[in-house]
Amino acid sequence: MDTILVAGTGPAGLTAAMALAELGRDVVLAGPPPSSTDRRTSALMRPAVAFLDGFGLGETLKEVAAPLAAMRIIDATNRLIRSPAVTFRAAEIGEESFGLNIPNAELNAALAEKVRENGNITWQEQIVHAWRPAANHVEAELADGTIIRAALAVAADGRNSPARGAAGITIRRRDLHQSALVLNFAHARHHGFASTEFHTEHGPCTQVPLPDGLRSSLVWVMRPWQAEELMALDDAALSERLEERQQSFLGKVTVEPGRQVFPLVSALPMRFAARRIALVGEAAHVFPPITAQGLNLGLRDVMDLAEVVRTHMADPGSTAALLRYDARRRPDILARSGAVNLVNASLLSDLLPAQLLRSAGLSLLGSASGLRGFFMREGMRPGSGFAAILPSILRGA
Ligand SMILES: Cc1cc2nc3c(=O)[nH]c(=O)nc-3n(C[C@H](O)[C@H](O)[C@H](O)COP(=O)(O)OP(=O)(O)OC[C@H]3O[C@@H](n4cnc5c(N)ncnc54)[C@H](O)[C@@H]3O)c2cc1C
């Protein structure tokens with residue numbers, strides 16, 4: 001049986017279908033056409049952009065995306081102990097930019113177009129209605145009753161993943177009692193292709209550049225009642241509140257119509273593959289949108305899965321293949337989820353030791369260029385921070 005089934009048509013599912021089809025496998029993709037109403041943008045680091053570029057998306061994405069040349073963290077809490085501002089510049093580690101900020105709707109549309117052009121992919125535009133995993137294959141029944149039998153199924157069906165449930169994988173899930181308000185806004189001063197994250201007691205308020213130097217996207221994390229209050233304001237009143245929150249660093253702010261609110265949760269499965277089903281994207285990890293890690297991690301799931309399938313071509317859903325995938329993904333997913341949840345908890349915590357630790361960490365990052373370089377490399381490409389310092393350690397420097 002040659003078929004691999006990919007369930008889910010978000011960015012993780014669309015890229016998984018492409019990556020597996022490029023190995024010469026027959027891929028059935030199940031899921032509705034991707035949403036064109038997602039107002040979010042995704043800050044994708046260079047390795048993720050290079051991966052998408054491999055599907056021939058480079059030029060299309062460059063036209064709609066903004067380069068990320070610098071990232072700034074500003075402590076905007078009213079706490080007793082506050083941290084100094086820290087700026088990370090890509091030029092410090094010899095790069096032009098950390099990556100690109102890409103509107104999700106445009107990214108999904110470009111991916112969907114490539115999927116449709118690919119002769120190895122059959123796209124069934126409906127959801128999987130029922131799963132029946134077995135020893136030698138996994139069976140999925142689509143909404144119209146069509147049965148798909150596959151050697152391997154890829155669960156790219158999002159945070160509530162029915163496929164994950166069918167694989168018998170349990171998750172630890174925590175409601176964070178936080179929401180993210182998402183919108184685009186115009187501003188009087190040029191953003192200089194920098195992203196600025198204002199850390200507040202309820203979560204970060206993050207501006208990310210859009211291609212036009214005088215427009216940015218926003219992810220503002222706060223308590224759900226605060227999000228409700230801001231959603232009730234008209235655009236002019238919300239513009240004032242945003243400008244105040246950002247200490248007018250971009251001058252006058254004009255919020256554009258079309259806001260969205262995303263409730264935040266944190267979720268981690270106990271395993272990343274079982275019963276011929278492998279998890280990718282938010283089926284495999286959910287955490288708050290801090291330091292833009294989610295989809296970057298999701299695309300690394302897809303890269304690792306493609307590599308495992310390449311080395312287990314005879315039976316990509318075998319126990320050996322699934323164990324290999326689980327082992328490859330576990331350290332990266334646990335490290336990223338842990339780090340993001342820790343930063344979030346340190347912001348929300350009223351405890352003095354947590355504030356002290358956060359402040360000391362940021363002060364150290366602000367003053368030590370070597371350490372800053374390490375974090376920038378690790379943030380962009382896991383393992384590359386260690387790789388950059390390894391030679392000097394070996395030299396005894
Ligand atoms: C406010 C916010 C900002 C973010 N910003 C960034 C950022 O800057 N950088 C970054 O890297 N990450 C970011 N993220 C994270 C990123 O958005 C997610 O990691 C990413 O969207 C997850 O994609 P996915 O394909 O796994 O899931 P989804 O996009 O949720 O896709 C799941 C798909 O599965 C389909 N589906 C569901 N059930 C079934 C079924 N039974 N059968 C078939 N299909 C099914 C759905 O229709 C959907 O198409 C952000 C997240 C939030 C909330």
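Two residues are in contact if their C-beta atoms, placed from the backbone, lie within 7 Å. The exercises below apply to a predicted model.

**Exercise 1. Describe the surroundings of T206, and decide whether T206 is buried or exposed.**

Solution. Begin with the element: T206 belongs to strand 15, which spans residues 203-209. Next, list the contacts: leaving out residues up to four places away in sequence, T206 touches S195, E197, L218 and V219. The cut-off for burial is 20 or more other C-beta atoms within 10 Å, and T206 counts as buried because it has 25 C-beta neighbours inside 10 Å. Finally, consider a long-range pair: T206 and P289 are separated by 83 residues in sequence, while their C-alpha atoms are 9.5 Å apart in space.

**Exercise 2. Work out how strand 10 and strand 11 are joined, and what connects them.**

Solution. Strand 10 (residues 138-142) and strand 11 (residues 147-150) run antiparallel and are joined by four bridges. One of the residues to locate is V138, whose bridge partner in strand 11 is A150. The two strands form a hairpin with four residues between them, and within the turn G145 has a positive phi of about 95 degrees.

**Exercise 3. Establish the order of strands in the sheet that contains strands 3, 7 and 4, and find which helices pack on this sheet.**

Solution. The sheet is open, its three strands come in the order 3-7-4, and the pairing is antiparallel. Strand 3 (41-45) and strand 4 (66-68) each have a single partner strand and stand at the edges, so one side of each is left without a neighbour in the sheet. From one strand to the next, the twist averages 30 degrees. Turning to the pairing of strand 4 with strand 7 (residues 99-103), three bridges join these antiparallel strands, and L68 stands opposite G99 of strand 7. Of the helices, helix 4 (residues 104-117) packs on the sheet, where it touches strand 3 and strand 7, and its direction makes about 90 degrees with that of strand 7. Helix 2 (residues 46-53) lies across strand 3 and strand 7, and runs at about 100 degrees to strand 3.

**Exercise 4. Characterise the shell of residues around the ligand by its members, its elements and its chemical classes.**

Solution. The ligand is surrounded by 34 residues, of which the closest are G8, G10, G158, G281 and G294. Two or more residues of this shell come from each of helix 1 (11-21), strand 3, strand 13 (171-187) and helix 8 (294-311). Helix 8 gives the largest share, four residues. Sorted by class, the shell has 19 nonpolar, 12 polar and three charged residues.

**Exercise 5. Determine how many residues of helix 1 are buried, and which elements cover them.**

Solution. Helix 1 is mostly covered, with 11 of its 11 residues buried; among them are P11, G13, L14, M18 and L20. The covering elements include strand 1 (4-7), strand 2 (27-30), helix 4, strand 8 (121-124), strand 12 (152-155) and helix 8.

**Exercise 6. Relate the overall burial and contacts of the protein to its nonpolar cores.**

Solution. The protein has 12 helices and 20 strands, and 44% of its 397 residues are buried. Among contacts with a separation of 6 or more, 73% come from residues 24 or more positions apart. In soluble globular proteins, nonpolar side chains tend to be buried together. Here the largest nonpolar core has 103 residues, and those with the most contacts inside it are V154, A278 and V280. Apart from neighbours within four places in sequence, A278 is in contact with L152, V154, A155, F272, A273, L305, L322 and Y325. A second, separate core of five residues includes A267, V286, I290 and V340.

**Exercise 7. Place F193 and R275 in the fold, and state the sign of phi and the degree of exposure of each.**

Solution. F193 sits in the loop between strand 13 and strand 14 (194-200), and its phi is near 55 degrees, a positive value in a residue other than glycine. F193 is partly exposed, because 18 other C-beta atoms lie within 10 Å. R275 is found in the loop between strand 19 (273-274) and strand 20 (277-279), and although R275 is not a glycine, its phi is positive, at about 50 degrees. R275 also counts as partly exposed, with 18 C-beta neighbours inside 10 Å.

Terms used. Residues numbered from 1 in each chain as written. Predicted model: local features only at pLDDT ≥ 70, side-chain atom pairs only at ≥ 80, totals over all residues. Buried ≥ 20, exposed ≤ 12 C-beta atoms within 10 Å, placed from the backbone. Pairing = 2+ DSSP bridges. Axes fitted to C-alpha atoms, helices over the stretch in contact; angles between N-to-C directions. Near = placed C-beta within 6 Å. Nonpolar A, V, L, I, M, F, W, Y, C, P; charged D, E, K, R; others polar. Core = buried A, V, L, I, M, F, W, Y, C linked by C-beta atoms within 7 Å.
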